[in-house]
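Biologist: Please put the model on the screen. I would like the terms used for it checked against their definitions.

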Amino acid sequence: MTHFNAENKLSNSKVVMTSLIAGAVAGALAKTTIAPLDRTKINFQVAKKRYSTKAAFKFVIKSYQQEGFFALWRGNSATMARIMPYAAVQFTSHEQWKRILHVDTGVAKKYEKQRRFLAGSLAGITSQSLTYPLDLARARMAVTQKQTYNSISEITTVIGWIIC
């Protein structure tokens, strides 16, 4: 295990870059793993069908049979376009808010739990505010037929008109 001291401590810019990369990779791996379940969930949210485990399995099987194995990850590219920046900003901003608020530094023990809570809350606000339009694009791509939107750029063009 490497111990960091004053001689080999990372600069703040290196900490930021490392945090951005770590957050993006962690978010991508997590969301890709659960992408078929996420697509199933979104389908039930927008289709106004009553959820049941049996209906969820039927949806997955039908998607696989009609559109192939990779259809289970339909919309995952849009998810990656949203989650990688979101997770990167979330992870990095949490670390930066903790630094700004002197959390876990041992300097000020008073109100440590409250400052830790505030750092997490501010990181969530920061990351969600910056990536919300990408979430809308992901949801649209996940629930539409392939012929409706062929790429993320087509969705973002439509969303751009809605937001403006």
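The turns below deal with a helix pair and a pocket.

Modeller: This is a predicted model, where local features need pLDDT of at least 70, side-chain atom pairs count only at pLDDT 80 or more, and totals for chains, interfaces and linings use all residues. Residues are numbered from 1 along each chain as its sequence is written, and side-chain values use heavy atoms, with hydrogens and water left out.

Biologist: Why are α1 and α3 called oblique to each other?

Modeller: α1 and α3 pack at about 140°, with axes 7 Å apart. Angles under 35 degrees count as roughly parallel, over 145 as roughly antiparallel, 65 to 115 as roughly perpendicular and the rest as oblique. The pair α1 and α3 is therefore oblique.

Biologist: How do you know that the span of α3 agrees with its 25 residues?

Modeller: The expected span is 1.5 Å times one less than the number of residues. For α3 that gives 36 Å, and the end C-alpha atoms are 34 Å apart, which agrees.

Biologist: What makes the open space a pocket rather than a cavity?

Modeller: On a 1 Å grid over the protein atoms alone, a 1.4 Å probe fits in a cavity but cannot get out, whereas a pocket is an open set with protein on both sides within 12 Å along at least five of seven lines. The largest pocket holds about 340 Å³.

Biologist: Which helix supplies the largest share of its lining?

Modeller: α3 does, with 4 residues; lining residues have an atom within 4 Å of a point.

Definitions and conventions: Points joined across faces, edges and corners; volume = space filled by probe spheres on them. Helix = DSSP H or I, 4+ residues; strand = E, 2+ residues; numbered from the N terminus. Axes fitted to C-alpha atoms, helices over the stretch in contact; angles between N-to-C directions.
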